[in-house]
Amino acid sequence: MSEFHDDYPSYEHMAHHSEEEGKKARRTLWNVFWIMLAITVFELIIGSMAPSHGWSGTLWLKVLFIGLTIAKAAAIVMWFMHLGHEVKFFKYIVLVPYVLFMSYTIFIILDEGVYSSDQENRTKVDPILIKQQRDLKAGHGHHEQSGSEHHEKPTETSHH
Amino acid sequence: MSHSTEIDSKQAWDGGQSPFRISYGKMMMWFFLISDALTFGGLLVSYGFIRHKYADVWPKAENVFTHFPFVEQHLPLAYVGLMTFILIMSSVTMVLAVEAGHRNDKQKVILWMFWTIVGGATFVGSQAWEWYHFIVGTETGALRHVWSQELGTYVEQTVYGANMTVNEYGVPQFANYFFFITGFHGFHVFSGVVINFIIFLNVLKGTYEKRGHYEMVEKVGLYWHFVDLVWVFVFTFFYLL
């Protein structure tokens, strides 16, 4: 910074690096990219295989997907956003409050989610939709969730 | 990369330098991103809560997002896979622009920032395309109870696509969360493209060359990577799980 002539170091200029270091940095970045691409392709393959193999909604699949997501997120933050290159103390300033707060929030929904799944305790859902979903799960009319089949008229609509 | 070297912790707090070894602007960008990340975190947690509550009538993404441009067949999740690829790719071009900035290589900064802007704009366009198909829906539609103003009651009616009140694919809550969270993210991408473009013009003009460093590119890069980061989570929670 040419305007200021105090004794403070210029962190903007400290970020500069040589041609050699740049080559190394680029190699790392491309490696991170290929790993992230591989993870995404893997996720999509598993995701498209899930329905026919009966994996949808299983716990291990959820854990796998969330784990891979966090791995990708860590790669972005550490290498693309260069948080890995910052001073240790700054790293913690960024990560610790966020991780603490999100863990707390996730704990709360996992805990309170018990009440939320209570069927009586939610806004009424269209009975046609419930029937369609039940038919879909039972297996008949797999690709016809679109309601072109005959529906019994529900005896009472639970809307109010 | 010699971004910052660790210094003695006693010395660090003696004044005359930042104990974080980081410039004010970059630090503030990080703090802004933490607050933005908390917003997205809150939105996604709330999404998880409602999804759990309506688990039995929640639509499956592979039944909803089946379209691919110029292709007649149903290709579940293929397009969103492509969108994710575009965004990750634009994140790489961004970080390459930052790297070129560290070497004061103006031409390379211009090149990589240009591709970042192209990638970002493509992503926003893809999202608009996906929204369009989600709103228009399938040809067959689905039977739902829809509120009739004249009769003052619910009547059975075939609905097509999704909006804030009816949803062909499942509960309306799915559409509400989809529009809100991907919309909020899409707006972030849009502003990212605009900010990137402004910085790009400054690079062309030689503003940063005169300044002697390309830290502005690095700061807008932080924001851009954050947008990618959020998408990684949106992708998992809306499309994969």
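# A tour of chains A and B

Begin in chain B by selecting Leu43(B), Leu44(B), Tyr47(B) and Ile50(B) in α2(B), together with Gln173(B), Tyr177(B), Ile181(B) and Phe184(B) in α6(B), and you will have on screen the residues through which these two helices meet. By class, this contact of α2(B) with α6(B) has seven nonpolar residues, one polar residue and no charged ones. Keep in mind throughout the tour that what you are looking at is a predicted model.

Now show the two helices in full, with α6(B) covering residues 172-205, and look along their axes, which come within 11 Å and cross at roughly 165°. Because angles over 145 degrees count as roughly antiparallel, α2(B) is described as roughly antiparallel to α6(B). The crossing of α2(B) and α6(B) is left-handed.

**Next, select α4(B), residues 78-102**

This helix of chain B has 25 residues, and from its first C-alpha to its last it reaches 37 Å, which is close to the 36 Å expected at 1.5 Å a residue. Is α4(B) largely enclosed by the rest of the structure or largely open? Of its 25 residues 20 are buried, so α4(B) is largely enclosed by the rest of the structure.

Add α8(B), residues 215-240, to the selection. The axes of α4(B) and α8(B) are 9 Å apart, and the helices pack at an angle of about 160°, and they are therefore roughly antiparallel to each other. Here, too, the program of the tour is to look at the handedness, and α4(B) passes α8(B) in a left-handed crossing.

To see where they meet, colour the residues on each side. On α4(B) they include Val80(B), Leu87(B), Ile88(B), Met94(B) and Val98(B), while on α8(B) they include Val217(B), Trp224(B), His225(B), Trp231(B) and Tyr239(B). Taken by class, the residues of the contact of α4(B) with α8(B) divide into twelve nonpolar, five polar and two charged.

**Then step past the end of α4(B)**

Just after α4(B) you come to Asn104(B), which takes a positive phi of about 55°. Asn104(B) lies in the loop between α4(B) and α5(B), the latter covering residues 106-136. Most residues other than glycine have a negative phi, and Asn104(B) is a residue other than glycine. With 14 C-beta neighbours inside 10 Å, Asn104(B) counts as partly exposed.

For a second residue of this kind, select Arg21(B), which has a positive phi of about 55° although it is not a glycine. Its place is in the loop between α1 (9-12) and α2 (24-53) of chain B. Is Arg21(B) buried or exposed? Arg21(B) is buried, because 20 other C-beta atoms lie within 10 Å.

**Follow the chain into α5(B)**

The helix α5(B) has 31 residues and reaches 45 Å from its first C-alpha to its last, close to the 45 Å expected at 1.5 Å a residue. Among the buried residues of α5(B) are Val109(B), Trp112(B), Met113(B), Gly119(B), Gly120(B) and Phe134(B). If you now ask what covers the buried residues of α5(B), the cover includes α3 (61-64), α4, α6 and α8 of chain B. After α5(B) comes Gly137(B), whose phi is positive, near 85°.

**Turn to chain A**

Hide chain B for a moment and colour chain A by secondary structure, which comes to five helices and zero strands. Of the 160 residues of chain A, 18% count as buried. Among the contacts in chain A with a separation of 6 or more, 47% are accounted for by residues 24 or more positions apart.

Within helix α2 of chain A, select Phe33(A), which is buried, with 20 other C-beta atoms within 10 Å. A distance label between the C-alpha atoms of Phe33(A) and Ala75(A), which are 42 residues apart along the chain, should read 9.0 Å. Bring chain B back, and you will find that Phe33(A) touches Ile88(B) and Val92(B).

**Finish where the two chains meet**

How many residues of each chain are in contact with the other? In chain A 67 residues are in contact with 67 residues of chain B. The helices α1 (11-14), α2 (19-53), α3 (59-80), α4 (88-116) and α5 (127-138) of chain A each supply at least two residues of the side that touches chain B. The largest share of that side, 15 residues, comes from α2(A). By class, the residues of the side of chain A that touches chain B divide into 32 nonpolar, 23 polar and twelve charged.

Note on methods. Residues numbered from 1 in each chain as written. Chains lettered and ligands numbered in written order. Predicted model: local features only at pLDDT ≥ 70, side-chain atom pairs only at ≥ 80, totals over all residues. Contact = placed C-beta atoms within 7 Å. Helix = DSSP H or I, 4+ residues; strand = E, 2+ residues; numbered from the N terminus. Nonpolar A, V, L, I, M, F, W, Y, C, P; charged D, E, K, R; others polar. Buried ≥ 20, exposed ≤ 12 C-beta atoms within 10 Å, placed from the backbone. Axes fitted to C-alpha atoms, helices over the stretch in contact; angles between N-to-C directions. Parallel < 35°, antiparallel > 145°, perpendicular 65-115°, else oblique. Left-handed = near helix turned anticlockwise from the far one by under 90°. Expected span 1.5 Å × (residues − 1). Lists of a residue's contacts leave out its neighbours within four places in sequence.
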